[in-house]
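Work through the exercises below with the sequence and the structure side by side. Each task is followed by a solution that goes step by step.

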Amino acid sequence: MAEPFEPGSDDGLRAALAAAGASGTWDWDVRRGRLHVDERFAELYGLRAGPAGEGHPTATFFSAIHPEDRPRMQIAVAGILGGAELFSKEFRIIAPDGSVLWMHGRGQGHFDAEDRTVRFTGLLVDVTERKRTEERLRVAQSAGGIGTFEYIDGFATASVSTEFCRLLGLHPARVLPVRTINGVVCEGGAPIIPEGDHQGVTAIQPFAGEFRVIRSDDGAERWIARRGEIVRDSETSGYRFIGVIYDVTEARHTQERLSLLNETLETRVQEEIAERRQAEDALRQAQKMEAVGQLTGGIAHDFNNLLTIIIGNIDTVTRRLDTGADPRAKRSLENALKGAERAAALTARLLAFSRRQPLDPRPTDVARLLAGMSDLLSRSITEAIAIRIVAPGDLWRIEVDPHQLENAIVNLAVNARDAMPAGGELTIEASNLRIDVEGPPGVQPGHYVAICITDTGSGMSPETLAQVFDPFFTTKEVGKGTGLGLSMVYGFAKQSEGHVQIDSTPDVGTKVSLLLPRSAGTASDIVAAADEAIDSGSHSETILVVEDDDDVRAYTVETMRELGYRVIEAASGAIALQLLQQHDRPIHLLVTDVVMPGMSGSELASAARAVQPDLRVLFTSGYPRDAITRDGRLEAGVDLLAKPFTYQSLAAKVRELLDRRSVAEAQT
Amino acid sequence: MSPAAVMLTELESDALTEIVNIGVGRAASSLRKMIGDQVSLSVPAIEVVSQRRAARLISEREIPPLVAIRQDFSGPFSGRALLIFPEENSLELVRAVTGDELSVQEVLDIEHEALAETGNIILNSCLATMANMLQRSLTMTIPEVVRGDGASLFEVWDDNDVDGLVLFLYIDFAVRKRDIRGYIAMLMDLPALEALRVLLEEFIARVVGDHG
């Protein structure tokens, strides 16, 4: 083994050791128990040179070693003395000037023939600088979460740092088989350290890469980035691949989320556009309804004026015809009247579907209303259809316009009839319905009376069902229907704060449910329908008629006079006010059109009441717009006579108002 | 850190490493005498881990099957010593210790015997040195060659609640310029390890006391 040497005996050797960075050498003579050191060792340890060749006690070896490192070194030396071959330790020594230096001691045991240790020789190298650098590097690596590796071409193992092992979830080690390192990479992924013994450096390129790994300890999936450099190995013809790895999972996830966002951008834009288009469609539909509504309102107004003139005059002529008159003339008048009435019904429907009809809601007993309709229904429905009306006595009260409700039910019944050309069964059933939190879409929770009209007819396809509430949509042949039936029902229900539901199955039948909100009122509020006797007036009762349409005014005035009232007339609100102020006799009733140029009917009414506070007012209108209604319902205390009115309806309404006034006066 | 890892202090662990190092040094010396060639063995570090962890540690690093030379020891501390190689390395080792003159078939024929003998030299040196340094004596069984994966070598079974401890040493062999790696593992139960720890304490007191 190593030749025995005399420390410090050879200047040349000493110079060579110094050049190699050696800070001192020692020779521990085990048999004699003496420690021989060179000058540099003695200098480091602050030893005074003793007599030449005498050496120092062996314990001197530990004298300058930092107390914290001393036990460790004592054990290491015990190992050598006990028979270990190699000594390679790093430890601190405290120099005579008090500075702490890191030393790397490398030594060797020498044995006799019986394997007994006889000498222990070695040298110290000052590694303080390297230690500090290592320390900085270690801190940088652990703080930055960076693991290092070094792989020499052709080897099956790589040198790695603790952080490297931690990042891959491997048990900490300084050397790991390359296969172990690459084993954490997910199936099919490129190896972190390519074993390039066949392909050489090209197998590693590019040096930067990202790898999806399953961490060995906790099974977590992580993304690891690798950066490195190739260094030509001076000792072999091969190369060394030195590099670092670090965790980029967070960055990678962020990137993935971003790219996912990018990928779905188109879809999201499309969704957004579709949503917008839907909103636009809804808006357009609403605008269309509004436009149709305005148009119908305008038409209805003028049309109803015309119909008032036509119906009124036919009425007048009919009443004045002698009983002996030509029956054909009478029949012609009846036909004309029927035609005018149909026209009036049409305008009423137009107003209803555009939700602009003035409703006159009253507490209504549905059971009684249905009972009263059975005659009408039997007349409208053919005998091939069996009609069944179910209305229990304990139904809740509702507050609706009873005439419009009748209209709606008749409409639905007629639709049901038309769906059953070969006969079938028609059921009209009313029931109480309590809707809890989770109701059908668009239906507020609460108490409702449900009126269901069910047929056993042809039913409708889902496509048809989707359009049934559209105005002018009809499944009937041209000329057989207006296409306003269901939309009118829908308009009426919505205006009454209720709902319409429709269920239909082709070849099974259709069920339309009208849901109308329960009212707080009781049955006693229900007013019996007025009888139809003609109520005439007396000349002592003065009525002021205000109407801008000359023909309508003429007819109205004529009718009033015929009924016996004393009538004064005005073509505008301004003239009417003048008359009111000048008139010396009291005016009992103001009958005024609502929509007039200049002053409107309601403006006139308030002005007139300023002059004569107890004045009763009856509005007449073909379409009152919003002048006297609130949310489509008549304001309280407002009386309205819808145009076209007949002799009878005008007579009844005027009488009712005048009498109500008398009653009120009698009570005061 | 698991309780097992703190079983030995840093100094105790150092002391054990040094003792095993001596044993390994003796083994290298014996091998040198046996095959008349340069042999060096080194033990980088020592760890105390659970059996499960030891099995995982091995599987993390090596592809089964593994070859192990197994010897049981008894005395003041009892247990089982294993010298483990990846199977691909075992023929290399046999070739290294027998010289390169043998044919493949001849190597295969004597593989078992050569492994048992090599393992016996290394494990015996280690254990004998340990006993010697700790001033105790150990009795050892004849070596056996076994094959299997990490779990079977460390007797790790899912229904085995008692997870014994393993002294784990990574060992580098350099024989005839061949780089062969292997592991020395000593399976001990908790009382055995505690007995070993007490002996190490005594050893440290002797060594440090000498010069301290």
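**Exercise 1.** Locate V30(A) in chain A, decide whether it is buried, partly exposed or exposed, and list what it touches.

Solution. Begin with the secondary structure of this predicted model: V30(A) sits in the loop that links β1 (22-29) to β2 (34-37) of chain A. Next, take its relative accessibility, which is 27%. Buried would require a value under 20% and exposed a value over 50%, so V30(A) counts as partly exposed. Then look for contacts, leaving aside residues up to four places away in sequence, and V30(A) is found to touch L81(A), T117(A), V118(A) and R119(A). Finally, consider T58(A), which is 28 residues away from V30(A) in sequence, while the two C-alpha atoms are 8.6 Å apart in space.

**Exercise 2.** Find the element that holds E43(A), and state how far its C-alpha atom is from that of A95(A).

Solution. The residue E43(A) belongs to helix α2 of chain A, which covers residues 39-45. Its relative accessible area is 61%, and E43(A) is therefore exposed. Along the chain, 52 residues separate E43(A) from A95(A), and the distance between their C-alpha atoms is 8.4 Å.

**Exercise 3.** Examine the backbone at E497(A), at D507(A) and at the bond between K643(A) and P644(A), and describe what is found at each place.

Solution. Take E497(A) as the starting point: its phi is positive, at about 65 degrees, although the residue is not a glycine. It lies in the loop between α13 (485-495) and β18 (499-505) of chain A, and with a relative accessible area of 57% E497(A) is exposed.

Continue to D507(A), again not a glycine, where phi is positive at about 70 degrees. This residue is in the loop between β18 and β19 (509-517) of chain A, and its relative accessibility of 70% makes D507(A) exposed.

Last comes the peptide bond that joins K643(A) to P644(A), which is cis, with an omega of about -5 degrees. Here P644(A) falls in the loop between β26 (639-642) and α17 (647-667) of chain A.

**Exercise 4.** Describe how helix α3 and helix α4 of chain B pack, and which classes of residue form their contact.

Solution. Two packed helices are described by the angle between their axes and by the distance between those axes. For α3(B), residues 87-98, and α4(B), residues 104-133, the angle is about 90 degrees and the axes are 9 Å apart. An angle from 65 to 115 degrees counts as roughly perpendicular, and α3(B) and α4(B) are therefore roughly perpendicular to each other.

The next step is to name the residues: α3(B) contributes S90(B), L91(B), L93(B), V94(B), R95(B), V97(B) and T98(B), and these meet V104(B), V107(B), L108(B), I110(B), E111(B), A114(B), L115(B) and T118(B) of α4(B). Sorted by class, this contact of α3(B) with α4(B) holds ten nonpolar, three polar and two charged residues.

**Exercise 5.** Summarise the make-up of each chain: how many helices and strands does it have, and what share of its residues counts as buried?

Solution. Chain A has 17 helices and 26 strands, and 43% of its 668 residues count as buried. Its accessible surface is about 34,700 Å², with 51% of that belonging to carbon and sulfur atoms.

Chain B has six helices and eight strands, which follow one another from the N terminus as α-β-β-α-β-β-α-α-β-β-α-β-β-α. Of its 212 residues, 54% count as buried. The accessible surface of chain B is about 9,000 Å², and carbon and sulfur atoms account for 52% of it.

**Exercise 6.** Report the confidence of the prediction, and point out where pLDDT stays under 50.

Solution. For chain A the average pLDDT is 81, and 84% of the residues score at least 70. In this chain pLDDT stays under 50 over residues 1-8 and over residues 523-532. For chain B the average pLDDT is 79, and 85% of the residues score at least 70, while residues 1-6 of chain B stay under 50. For the complex, the predictor gives an ipTM of 0.80 and a pTM of 0.49.

Note on methods. Residues numbered from 1 in each chain as written. Chains lettered and ligands numbered in written order. Predicted model: local features only at pLDDT ≥ 70, side-chain atom pairs only at ≥ 80, totals over all residues. Heavy atoms only, no water. Axes fitted to C-alpha atoms, helices over the stretch in contact; angles between N-to-C directions. Helix = DSSP H or I, 4+ residues; strand = E, 2+ residues; numbered from the N terminus. Parallel < 35°, antiparallel > 145°, perpendicular 65-115°, else oblique. Contact = heavy atoms within 4.5 Å. Nonpolar A, V, L, I, M, F, W, Y, C, P; charged D, E, K, R; others polar. Buried < 20%, exposed > 50% of the residue type's maximum accessible area, 1.4 Å probe, protein only. Areas by Shrake-Rupley, 256 points an atom, 1.4 Å probe, with all protein chains shown as cover. pLDDT = per-residue confidence, 0-100.
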